Amino acid sequence: MNLPNKITVSRIFLIPLFLIVMLVPFSWGEAAFLGAEMPVTHLVGALIFIIASATDWVDGYYARKLNMVTNLGKFLDPLADKLLVSAALIVLVDLELAASWIVIVIISREFAVTGLRLVLAGEGEVVAANMLGKVKTWAQIVAISALLLHNIIFELISVPFDDIALWVAMIFTIWSGWDYFYKNRAAFINSK
C-alpha cells in the first residue's frame with residue numbers, strides 16, 4: 001500500500017475516534033471561544049473531523065505529485081469521504097444541529113453514487129471523482145465543520161452561516177449526483 005492510500009486509510013480510522021468523542025456521554029466542560037461557549041467534546045470532535053477532512057487534500061496531492069494514483073486509491077478515497085461525511089451528518093442530526101431531511105438527501109445521494117461505482121467497477125471501470133464531486137465534498141466539509149463548531153465565528157454577527165452552508169452542500173450534492181448518473185447513464189442503458 002502506497003503513502004497516499006495509507007493517508008486515506010488513516011482518515012477512515014479517525015472516524016471511530018470522532019464518534020467516541022462526539023457520542024460517548026462524558027463531559028470535559030465548556031470551551032469559551034470569541035465570547036461564546038460550546039462543549040469541549042464538540043470542539044475536539046470538530047478538530048478531529050477537520051484534520052480527517054484535510055487528509056483528503058493531502059492524499060490526493062501526494063498521489064499526483066509522486067505519480068501514485070492507483071485503482072485502490074480511486075476506490076478508497078471517495079469511500080473514506082462518504083464514511084466520514086455520513087458519520088458526521090448522523091451525529092449532527094443526533095445532536096439536533098442539522099435537519100434530518102437534508103442529511104437523508106445527502107446520504108441517499110452518497111449511497112446511490114456508491115452503487116453506481118460498484119456497477120461500473122463490475123464492468124472493469126474505476127471512476128475517480130470529478131471536479132464537481134470535489135466541490136461537493138468540500139461544501140459538505142465546510143458545512144459540517146461550521147455545524148460542529150456551533151457556528152461560533154458567525155454567531156457574533158448573527159449570520160446563520162452553518163445553515164446556509166448546509167443548504168449549499170445539499171445543492172452541490174444533488175447537482176453532482178445528477179451529473180454523475182447522467183455521464184454514466186450508459187451503464188444502465190446497456191444493461192440486460
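The crossing of helices α2 and α5 is left-handed. This comes from a predicted model. Helix α2 covers residues 40-65, and helix α5 covers residues 131-148. Their axes lie 9 Å apart, at an angle of about 160 degrees. Angles over 145 degrees count as roughly antiparallel, so α2 runs roughly antiparallel to α5.

The residues that form this contact are listed by helix.

| Helix | Residues in the contact |
|---|---|
| α2 | His42, Ala46, Phe49, Ile50, Ser53, Ala54, Asp56, Trp57, Arg64 |
| α5 | Lys134, Thr137, Trp138, Ile141, Ile144, Ser145, Leu148 |

By class, the contact holds nine nonpolar residues, four polar ones and three charged ones. Among the nonpolar residues are Phe49 and Trp57 of α2, and Trp138 and Leu148 of α5. The charged residues are Asp56 and Arg64 of α2 and Lys134 of α5.

The wider fold comes next. The protein has eight helices and two strands. Along the sequence, the order is α-β-β-α-α-α-α-α-α-α. Both strands therefore come between helix α1 and helix α2.

What radius of gyration does the protein have, and what would a compact globule have? The protein has 18 Å; a compact globule with 192 residues would have a value near 16 Å, so the two agree. Along the principal axes, the C-alpha atoms fill a box of roughly 60 × 35 × 30 Å.

Of the 192 residues, 43% are buried. Contacts in the protein with a separation of 6 or more come to 76% from residues 24 or more positions apart.

Definitions and conventions
Residues numbered from 1 in each chain as written. Predicted model: local features only at pLDDT ≥ 70, side-chain atom pairs only at ≥ 80, totals over all residues. Heavy atoms only, no water. Axes fitted to C-alpha atoms, helices over the stretch in contact; angles between N-to-C directions. Helix = DSSP H or I, 4+ residues; strand = E, 2+ residues; numbered from the N terminus. Parallel < 35°, antiparallel > 145°, perpendicular 65-115°, else oblique. Left-handed = near helix turned anticlockwise from the far one by under 90°. Contact = heavy atoms within 4.5 Å. Rg over C-alpha atoms; globule rule 2.2 N^0.38 Å. Buried < 20%, exposed > 50% of the residue type's maximum accessible area, 1.4 Å probe, protein only.
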